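Colleague: I have a chain open here and would like to go through it with you. Can you take my questions one by one?

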Amino acid sequence: MDKTQKAFVMTRKVLQRLRVYFLTQRGRVYLGRGELSEASDALRDVLLGDEKNAVAWKLRGIAYARMGVPHLAILHLKRAVEENQDDPTAIAALRAADEAAIERAHRSREDHLAWERDRHQHEFGASTTDSANIDVYWRCAKRLKEEGVVVFLEEFFETASIKFEVADAFCCQTLAMDDGKQLNMAEALQFRVDCLSNMGSCYFKMSTIRTVKVAVEMYTKALSLCEEKRKLSGESVRRGEAAASILYRRAQAYQFLYYFSLSLIDLKAANMICEDCEGYVGDGRGGEGRGELVRKIERYTSYIQHRIQAVGDL
C-alpha cells in the first residue's frame, strides 16, 4: 500500500469516528430534550457503524426505558454493560429497567394507557380542561405517534398500539377543544387515519383471531375518516391518500379470518382507487408507488381466488 492509499484509509477512519461522535452527541441532545424517537433513530445509525459503542447502547436503552418499553431497554443496556462493565449509569439504568419490566408485566392494557397519558401530560404540563393547551396536546399526539412507529419497527406491537391509541385520543381531545381557528382539520383527520391504520397493523401483527378482528375494526374506522377527509377537501374521486393501502391491509385481515369474499371486495375497491388516480400518492412516489400497489393487489387477488378454490369461503 503506497502513501496515498494509506492516507486515504486513515482519512476514512477519522471521518467515520467523527460521524459516530456527532451522531452520538445528536442522540444525547435529543434524549435531553425528551425527543425519544429522534434519539433512537440517531443512535441506531451510530450502532450500524459501530456495534461496540457502549455509549450508544446505553443512551438508546435509556430512551426505550423512558418510552415505557423496559424489555427493549434491557436488551440495549445489557449490551452496554457488556461493552463497558465500569459504567455506573448503565448498571443503574439496567436495574431500573428490570424493575420496570416486572411492573409492566403486572400492568393491564388500561393501566398502561393511563400511564402513557399521564406521562405526556406531566411532561408537557397539560391541563385536560384548558383550551389554551391545544398546541400542547397536538405536540403530545405527534410525539406519541413517532414513538409508536419506532416501537412497531422493533416488533413490540402491543406497546406500539397503545401509543397510537393515546395519540389518537390526544388528537380527538385537541379537536374537541379547538375553536376551528388553530388546527388544520384535514391535517388532523389524516393524523387520525394514520393512527387508526397503524393500530390496525399492530393488531394484525399480533396474529390471533381476536386481535385480527380488532384490526378490521380499526381499518374500517380509518376508511370512514378517509371518506370524511375526502368530503372536507372536496375531492371527487379519492377517499384519501391512504385509502387504497388501508383497503389492501383490511383485505389481508379478512383473508386471515377466512372471509375471502370480503377480501376480494376490498381488493377490487383498492384497485379502482388506484385506477382513478393519476398516481398513487400514499407514499409520495406517484405512478411508481401506484404501480407497486396495483401489482400487490393483483397478486393477492390471485392468491385469494386460489384459497377459495382450496378451502371455500365463510
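Modeller: What follows is a run through the fold, a few helices and some charged pairs.

Modeller: Before that, this is a predicted model: local features need pLDDT of at least 70, side-chain atom pairs count only at pLDDT 80 or more, and totals for chains, interfaces and linings use all residues. Residues are numbered from 1 along each chain as its sequence is written, and side-chain values use heavy atoms, with hydrogens and water left out.

Colleague: Fine. How many helices and strands are in the protein chain?

Modeller: The protein chain has 13 helices and 0 strands. Both are DSSP runs, numbered from the N terminus: helices are H or I with at least four residues, strands are E with at least two.

Colleague: And what percentage of the residues is buried?

Modeller: Of the 314 residues, 46% are buried. Buried means under 20% relative accessible area, exposed over 50%, and partly exposed in between, with a 1.4 Å probe and protein chains only. The accessible surface comes to about 16,700 Å², and 51% of that belongs to carbon and sulfur atoms. Those areas come from the Shrake-Rupley method with a 1.4 Å probe; for residues, only the protein chains shown count as cover.

Colleague: What share of the contacts joins residues at least 24 apart?

Modeller: It is 62%, taken among contacts between residues at least 6 apart in sequence. A contact means heavy atoms within 4.5 Å.

Colleague: Let's look at H3. Where does H3 sit, and how many of its residues are buried?

Modeller: H3 covers residues 54-67. In H3, 11 of the 14 residues are buried, so this helix is largely enclosed by the rest of the structure. Among the buried ones are Trp57, Lys58, Arg60 and Tyr64.

Colleague: What span should H3 have at 1.5 Å a residue?

Modeller: The expected span is 20 Å, and the end C-alpha atoms are 20 Å apart, which agrees. The expected figure is 1.5 Å times one less than the number of residues.

Colleague: What happens at the start of H3, and just after H3?

Modeller: At the start, a side-chain oxygen of asparagine 53 comes to within 3.2 Å of the backbone nitrogen of valine 55. Just after the helix, glycine 68 has a positive phi of about 85 degrees.

Colleague: Histidines next. Is histidine 76 buried or exposed?

Modeller: Histidine 76 is buried, at a relative accessible area of 6%. Histidine 76 belongs to helix H4, residues 70-83. Leaving out residues up to four places away in sequence, histidine 76 touches Trp57, Arg60, Gly61 and Tyr64. Those four are also listed among the buried residues of H3.

Colleague: And histidine 112, what does it touch?

Modeller: With the same four-place exclusion, histidine 112 touches Gly68, Arg104, Arg107, Thr159 and Ile162. Histidine 112 lies in helix H6, residues 109-124, and is buried, with a relative accessible area of 0%. Its side chain makes a polar contact of 2.8 Å with the side chain of arginine 107. That term means a pair of N or O atoms within 3.5 Å; within protein, one must be able to donate a hydrogen and the other to accept it, and residues adjacent in sequence count only if both atoms are side-chain atoms.

Colleague: Does arginine 107 count as buried or exposed?

Modeller: Arginine 107 counts as buried, at 16% relative accessibility. Arginine 107 also forms a salt bridge with glutamate 103, the closest N and O atoms being 3.2 Å apart. Here a salt bridge is a side-chain nitrogen of Lys or Arg within 4 Å of a carboxyl oxygen of Asp or Glu. Glutamate 103 is partly exposed at 48%.

Colleague: How many salt bridges does the structure hold?

Modeller: The structure holds 17. One of them pairs lysine 163 with glutamate 147 at 2.9 Å, N to O. Lysine 163 is in helix H8 (residues 157-177) and glutamate 147 in helix H7 (residues 134-153), 16 residues apart. Both lysine 163 and glutamate 147 are buried. Salt bridges with shared partners join Glu116, Arg119, Glu147 and Lys163 into one network.

Colleague: Last one: what separates aspartate 41 and arginine 44 in H2?

Modeller: About one helical turn, because they are 3 residues apart in H2, residues 36-49. Their salt bridge has its closest N and O atoms 3.6 Å apart.
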